[in-house]
Amino acid sequence: MLKIYIDGDAFPNLLKPIILRQIEKYGIKTYVFANKKINIGKSKNIEYIIVDAGADEADNKIVQRVHSGDLVITADIPLADRVIDKNAHAIDHRGELYSKDNIKQYLAMRNLMESIREMGEITQGPKPFGSKDAELFANQLNMFLQKYMR
């Protein structure tokens, strides 16, 4: 049975009602990992797990628990890479479905930009998260769940 794991520390508020609707619609057991208390909504299907503060604490817990076929929602590309290596799925907050076919490209671009910043270059961060991003996420999540919940 599909489970959803949410990397909750940077989870946008606009996505909370979207994911809550889908969790309830399909009755999907969902785990929200964060280093502080966050609230997606009240549901018997959601378990909130607070992890120690630290760079990869939530990521490590998610990777420990995720199984093949599960879904991870994260904007963290290295985490997405790790769960894809376990034959799980990953969707980012802007609706990108990461896969074995594209994750290495995303990871390489992320690492390149990090190297550029470490050399002192000022780069633009991601554009502000908005309603169009939430719509892309909702569409991708809906397509994913329709495919995998049959």
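Contact, in what follows, means heavy atoms within 4.5 Å. With that settled, good morning. The model I am presenting is a predicted one, and I will begin with one residue in the first strand.

Tyrosine 5 belongs to strand β1. Its relative accessible area is 2%, and tyrosine 5 is therefore buried. Setting aside residues up to four places away in sequence, tyrosine 5 touches Tyr31, Phe33, Ile62, Arg65, Val66, His67, Asp70, Leu71, Val72 and Ile73. For a sense of distance, the C-alpha atoms of tyrosine 5 and isoleucine 49 are 10 Å apart in space, with these positions 44 residues apart in sequence.

Two names in that contact list lead to the aromatic rings. A pair of aromatic rings is described by the distance of the centres and the angle of the planes. Searching the whole structure gives four aromatic pairs. In one of them, tyrosine 5 and phenylalanine 33 are stacked, with 6.3 Å from centre to centre and 25° between the planes. What does this pair tie together? Tyrosine 5 is in strand β1, residues 3–7, and phenylalanine 33 is in strand β2, residues 29–34, so the pair joins parts that are 28 residues apart in sequence. Both tyrosine 5 and phenylalanine 33 are buried.

Tyrosine 98 and tyrosine 106 form an edge-to-face pair, at 5.2 Å centre to centre and 85° between the planes. Tyrosine 98 has a relative accessible area of 4% and is buried, whereas tyrosine 106, at 29% relative accessibility, counts as partly exposed.

Returning to tyrosine 5, ring pairs link Tyr5, Tyr31 and Phe33 into a cluster. A charge also meets this cluster: the charged end of arginine 65 sits over the ring of tyrosine 31, 4.5 Å from the ring centre.

I turn now to the helices, beginning with α2. In this helix, residues 57–65, the buried positions are Ala58, Asp59, Ile62 and Val63. These four cover an arc of only 130° around the axis, so they lie on the same side of α2. The buried residues of α2 pack against β1, β2, β4 and α3, the last being residues 77–85.

Helix α5 can be described in a similar way. This helix runs over residues 131–148, and its 18 residues should span 26 Å at 1.5 Å a residue; the end C-alpha atoms are 26 Å apart, which agrees. Which residues of α5 are buried? They are Asp133, Ala134, Phe137, Gln140, Leu141, Phe144 and Leu145. The arc they cover around the axis is only 130°, which puts them on the same side of α5. The spacing fits a general rule: an α-helix has 3.6 residues a turn, so residues three or four places apart point the same way. On the other side of α5, Ser131, Lys132, Met143 and Lys147 are exposed. The cover over the buried residues of α5 includes α1 (16–26), β4 (71–73), β5 (89–91) and β6 (97–98).

One polar member of that buried set merits a closer look. Glutamine 140 lies in helix α5 and, at 16% relative accessibility, counts as buried because the limit is 20%. Beyond its neighbours within four places in sequence, glutamine 140 is in contact with Ile91, Gly95 and Leu97.

That brings me to the nonpolar interior. The largest nonpolar core has 23 residues, of which Ile6, Ile19, Ile40, Leu71, Ile73 and Leu141 touch the most other members. Two or more residues come from each of β1, α1, β2, β4 and α5. Which element gives the most to this core? Helix α5 does, with five residues.

Isoleucine 40 shows what surrounds one of these members. Apart from neighbours within four places in sequence, isoleucine 40 is in contact with Ile6, Phe11, Lys16, Ile19, Leu20, Val32, Ile46 and Tyr48. There is also a second, separate core of 20 residues, which includes Tyr31, Val72, Ala80 and Ile103.

Finally, a residue on the outside. Is lysine 42 buried or exposed? With a relative accessible area of 84%, lysine 42 is exposed. Lysine 42 is located in the loop between β2 and β3, the latter being residues 46–50. The C-alpha atoms of lysine 42 and leucine 20 are separated by 8.4 Å, although the two residues are 22 residues apart along the chain.

Thank you; I am glad to take questions.

Notes. Residues are numbered from 1 along each chain as its sequence is written. This is a predicted model: local features need pLDDT of at least 70, side-chain atom pairs count only at pLDDT 80 or more; totals for chains, interfaces and linings use all residues. Side-chain values use heavy atoms; hydrogens and water are left out. Rings of Phe, Tyr and Trp (its six-membered ring) pair if their centres lie within 6.5 Å; planes under 30 degrees apart count as stacked, over 60 as edge-to-face and the rest as tilted. Buried means under 20% relative accessible area, exposed over 50%, partly exposed in between (1.4 Å probe, protein chains only). A charge sits over a ring if NZ of Lys or CZ of Arg is within 6 Å of the ring centre and within 35 degrees of the ring normal. The expected span of a helix is 1.5 Å times one less than its number of residues. The arc is that of the directions from the helix axis to the C-beta atoms. A nonpolar core is a set of buried Ala, Val, Leu, Ile, Met, Phe, Trp, Tyr and Cys residues joined through side-chain atoms within 4.5 Å.
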